[in-house]
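Here is an informal walk through a two-chain model, best read with the structure open beside the text. What holds it together, and where does the backbone do something unusual?

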Amino acid sequence: MEWWLWPIALFAITFAMGIVAVLAGVGGGVLFVPIVGAFFPFHLDFVRATGLLIAMTSALSAAPSLLGSGLASLRLAMPLALVGSVTSIAGALVGLALPTGAVQIALGCTILGIAALMWRAGRSAHPEVPRPDALGAALRLHGVYHDPALGRDVSWQVHRTPAAFVAFAGIGVLAGMFGLGAGWANVPAFNLLMGVPLKLSVGTSGMLLSVVDTSAAWVYIHRGAVFPMLVVPSLIGVTLGAKLGARLLRVSSASVVRRIVLAVLVIAGGRALLKGLGI
Amino acid sequence: MVPIEQKIYARWLDAGTRFGLALLVVGFAVYVFGVLDPHVPREELARLWTLPVDHYVAATGAPTGWDWLRHVGKGDYLNFLGIALFASMTIVCYARIVPTLLVEGDRLQGGLAIAQTLILIAAASGVFF
């Protein structure tokens, strides 16, 4: 196959991923690594670096409007991003040091775990937080945001902050090691663990992701694992696909798309696992 | 309702990402249309991108660390300007809000912002490479 066909194929698949990612409410990064890693000829080192850069640039591009409108909280993201960025650097270093087969097996298991989490995890629009914990209160992790859909201000506070630090440390390791965007884990951690309202969880997840993925991205950049021929077509594909996905959001069935994404993740995760096992 | 440091962070990030995206698109057009010769011939890519990164670097003499700056006149490494700009925006934005947080007397968040800036600078410097 001619070299120039690959970036075109990459653009086409990432365009589709961008659409599906928005419709299913997941980040493009979590689809990119398992699918491209499983079905394209690129080495996993380059796929992970590209996945990380896609997740990083998408999150950076979305963050200004979310922060400006108050639908993301910088104050909430800052302490957790600090922990996540340290562990994502460690994850990237470990991921690049491990044999490819071991990373494939771990990636396969992680993707299957993500699919299970997406299948099982519930969401709560406005969780009850009867009393903030001491650490959350000391860090002043509370505030008010305006919800345009409700037409009113919503106040929020958090609990279980120490447990959240542990959760975001783990999420950072996975993000750095596998080049996955971590929205699939950030949102449940904010929403279900800390009791942050769902909308603020989604917005703040993107903000936090931009910091965590930036830290790990530098490790891959310095190692020489960045291929512009992979990164730029993928980035443009995901960005344009996400714009179309946002338009289709009104007419699509979220539950059907979500099932398709789950099926794709199970197939891609299973394939990564089998590749790692040499089957 | 939106804290001042958050507004500043959003404004700086917005400007940086717009410029970074433009830089990426222009750089890639220069690369893919062969305006500047690449360090690694495009015809070789299909053979090389199947290799682990260490083997790829050994096979092509691809720069590591910040050495790509010396190759920025090559079509492929020109793209690193946009990528590095994106990867630097968080550092710039965090550094920008530190004085705002400290002036407001928010020492804890100011300290967190300083720590985050230092970690990102360490990562960008290549100390973990």
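Two residues are in contact here if their C-beta atoms, placed from the backbone, lie within 7 Å. One thing to keep in mind from the start is that this is a predicted model.

With that cut-off in hand, take Leu53(A). Leaving aside residues up to four places away in sequence, Leu53(A) touches Ala217(A), Val226(A), Val231(A) and, on the other chain, Ile83(B). Leu53(A) is also part of the largest nonpolar core, a set of 134 residues. The members that touch the most others there are Val20(A), Leu53(A), Ala182(A), Ala217(A), Tyr220(A), Val226(A) and Ile83(B). Which element gives the largest share of this core? That would be helix H3 of chain A (residues 44-69), with 14 residues. As general background, nonpolar side chains in soluble globular proteins tend to be buried together.

**Where the chains meet**

The contact between the chains involves 49 residues of chain B and 52 residues of chain A. On the chain B side, the elements that give two or more residues are H1 (4-32), H2 (45-48), H3 (53-60), H4 (75-103) and H5 (107-125). H1(B) gives the most, with eleven residues. By type, the chain B side splits into 33 nonpolar, ten polar and six charged residues.

**Chain A as a whole**

Chain A has eleven helices and two strands. Reading from the N terminus, the order is α-α-α-α-α-α-β-β-α-α-α-α-α. A compact globule of 279 residues would have a radius of gyration near 19 Å, and chain A, at 18 Å, agrees with that. Along the principal axes, its C-alpha atoms fill a box of roughly 60 × 40 × 30 Å. Buried residues account for 60% of the 279 in chain A. Of the contacts in chain A between residues at least 6 apart in sequence, 83% join residues at least 24 apart.

**The hairpin and the helix H7**

How do the strands S1(A) and S2(A) run relative to each other, parallel or antiparallel? S1 (residues 142-147) and S2 (residues 152-157) of chain A are antiparallel and joined by six bridges. One pairing to look for is Tyr145(A) with its bridge partner Val154(A) in S2(A). The two strands make a hairpin with four residues between them.

Then comes a look at H7(A), residues 161-178. At 1.5 Å a residue, its 18 residues should span 26 Å, and the end C-alpha atoms are indeed 26 Å apart. Its buried residues include Ala164(A), Phe168(A), Ile171(A), Leu174(A) and Phe178(A).

**Positive phi**

Several residues in this part of chain A have a positive phi:

| Residue | Place | Phi |
|---|---|---|
| Arg140(A) | loop between H6 (134-138) and S1 of chain A | about 55 degrees |
| Gly151(A) | turn of the S1(A)–S2(A) hairpin | about 70 degrees |
| Arg160(A) | loop between S2 and H7 of chain A | near 55 degrees |
| Gly179(A) | follows H7(A) | near 65 degrees |

The two arginines stand out as residues other than glycine with a positive value. Are they buried or exposed? Arg140(A) is partly exposed, because 14 other C-beta atoms lie within 10 Å. Arg160(A) has 19 other C-beta atoms within 10 Å, so it also counts as partly exposed; a residue is called buried at 20 or more.

Conventions: Residues are numbered from 1 along each chain as its sequence is written. Chains are lettered from A and ligands numbered from 1 in the order in which they are written. This is a predicted model: local features need pLDDT of at least 70, side-chain atom pairs count only at pLDDT 80 or more; totals for chains, interfaces and linings use all residues. Ala, Val, Leu, Ile, Met, Phe, Trp, Tyr, Cys and Pro count as nonpolar, Asp, Glu, Lys and Arg as charged, and the others, Gly among them, as polar. The radius of gyration is taken over C-alpha atoms; the globule rule is 2.2 Å times the number of residues to the power 0.38. A residue is buried if 20 or more other C-beta atoms lie within 10 Å of its own, exposed if 12 or fewer, and partly exposed in between; C-beta atoms are placed from the backbone. Two strands pair if DSSP finds at least two bridges between them. The expected span of a helix is 1.5 Å times one less than its number of residues. A nonpolar core is a set of buried Ala, Val, Leu, Ile, Met, Phe, Trp, Tyr and Cys residues joined through C-beta atoms within 7 Å.
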